[in-house]
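Colleague: Please take me through the side-chain contacts in this model, with a close look at the charged pairs. I would like to know where each partner sits and how well it is covered, and then what else stands out.

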Amino acid sequence: MGQIEWAMWANEQALAAGLIILAGGIVAVAGQFKNWQFAAYAIAAGAFICLLEYPRGKRKKGATMERCGQQCMTVVVKAFGPLTRNYYVRAILHACLAVPGGFLLATVLGTVCLGIASLIYLLAAIYGEEWRPLEARRQEKPRAAEIINGPPGVPPPRPSPNARKKQVDEIPVRGGQYEPVMVTDDV
């Protein structure tokens with residue numbers, strides 16, 4: 001079996017946690033919960049986490065599915081250099097961002113998810129993984145369906161490719177029908 005790339009799992013977990021924290025913060029502020037200041041913090045932290053985690057990193061092996069519009073955020077994340085590229089930093093950052101969300105019921109679920117993402121990022125950092133940006137896509141090779149010109153013109157059994165090469169032309173005969181002409185090498 002191949003080696004697991006932990007950063008891919010951590011990225012999905014952290015993005016989901018950011019969305020959950022953001023939604024919990026909005027609910028708590030709109031409902032004017034007690035300690036709503038933590039909810040205001042959760043809105044800001046959730047938005048920051050979502051922006052940081054939206055661009056997927058490049059996998060070591062295999063293809064990486066790019067998220068829609070990720071190139072804009074990739075430039076921003078790439079600009080911060082080692083602060084966003086290093087998974088030790090991300091693990092500590094997510095652990096620190098998760099703590100204040102634990103004081104409010106509406107954001108506890110997101111806080112637990114972010115804590116799990118922090119642990120997965122720590123595991124990814126221990127295994128030596130690092131965030132690498134996706135480069136611009138190269139032009140894809142045409143698919144088999146695009147290469148095929150159309151259905152075969154000759155019913156089965158078909159002649160061999162060498163015999164088909166010898167059929168050069170078709171000459172029209174009276175009545176609008178065509179008669180095949182075979183060309184031989186004895187000219």
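**Charged pairs and their surroundings**

Modeller: Happy to! Searching the whole structure gives 3 salt bridges, each being a side-chain nitrogen of Lys or Arg within 4 Å of a carboxyl oxygen of Asp or Glu. Please keep in mind that this is a predicted model, in which local features need pLDDT of at least 70 and side-chain atom pairs count only at pLDDT 80 or more, while totals for chains, interfaces and linings use all residues. Residues are numbered from 1 along each chain as its sequence is written, and side-chain values use heavy atoms, with hydrogens and water left out.

Let's start with Glu12. Its side chain meets that of Arg56 in a salt bridge, with 3.1 Å from N to O. This pair links distant parts of the chain, 44 residues apart: Glu12 belongs to helix H1 (residues 6–30), and Arg56 to the loop between helix H2 (36–53) and helix H3 (70–79). Helices here are DSSP runs (H or I, at least four residues), numbered from the N terminus. Arg56 counts as partly exposed because its relative accessibility is 22%. The terms are set by relative accessible area: buried is under 20%, exposed is over 50%, and partly exposed lies in between (1.4 Å probe, protein chains only). Glu12, at 34%, is partly exposed as well.

Glu12 has another partner in Arg67, and here the salt bridge spans 2.7 Å from N to O. Arg67 lies in the loop between H2 and H3 while Glu12 is in helix H1, so this contact ties together parts 55 residues apart in sequence. With 10% relative accessibility, Arg67 counts as buried.

The side chains of Glu53 and Arg90 also form a salt bridge, at 3.4 Å from N to O. Glu53 in helix H2 and Arg90 in helix H5 (residues 87–98) are 37 residues apart, so far-off parts of the chain are linked here too. How is this pair covered: buried or exposed? Glu53 has 0% relative accessibility and counts as buried, and Arg90, at 1%, counts as buried too. Looking across the bridges, shared partners join Glu12, Arg56 and Arg67 into one network.

Arg67 has a further contact worth a look: its charged end sits over the ring of Tyr54, 5.7 Å from the ring centre. For that term, NZ of Lys or CZ of Arg must be within 6 Å of the ring centre and within 35 degrees of the ring normal.

On to the rings themselves. There are 2 aromatic pairs, counted when ring centres of Phe, Tyr or Trp (its six-membered ring) lie within 6.5 Å; planes under 30 degrees apart are stacked, over 60 edge-to-face, and the rest tilted. One of them is Phe38 with Phe103, a tilted pair with 5.2 Å centre to centre and 35 degrees between the planes. Phe38 is in helix H2 and Phe103 in the loop between H5 and helix H6 (108–126), so the rings tie together parts 65 residues apart in sequence. Phe38 is partly exposed at 30% relative accessibility, whereas Phe103 is exposed, with a relative accessible area of 55%.

At the surface, Tyr88, Leu119, Leu122, Ile126 and Tyr127 make a nonpolar patch of about 520 Å². H6 gives the most to this patch, with 3 residues. Leu122 is found in helix H6 and is partly exposed, with a relative accessible area of 36%.

Helix H3 has two sides to compare. Its buried residues are Gln70, Met73, Thr74 and Val77. Seen down the axis of H3, they fall within an arc of 110 degrees, so they line one face of the helix. The face turned away from that buried side carries the exposed residues Cys72, Val75 and Ala79.

Finally, a backbone detail in the loop between H1 and H2, where both Gln32 and Asn35 lie. Gln32 has a phi near 50 degrees, a positive value in a residue other than glycine, and at 68% relative accessibility Gln32 counts as exposed. Asn35 likewise has a positive phi without being glycine, near 60 degrees, and counts as partly exposed at 37% relative accessibility.

Technical notes. Helices (H or I, at least four residues) and strands (E, at least two) are DSSP runs, numbered from the N terminus. Patches are made of residues with over 30% relative accessible area and no salt bridge: like charges are joined within 9 Å, nonpolar side chains (Val, Leu, Ile, Met, Phe, Trp, Tyr) within 5 Å. Accessible areas come from the Shrake-Rupley method with a 1.4 Å probe; for residues, only the protein chains shown count as cover. The arc is that of the directions from the helix axis to the C-beta atoms.
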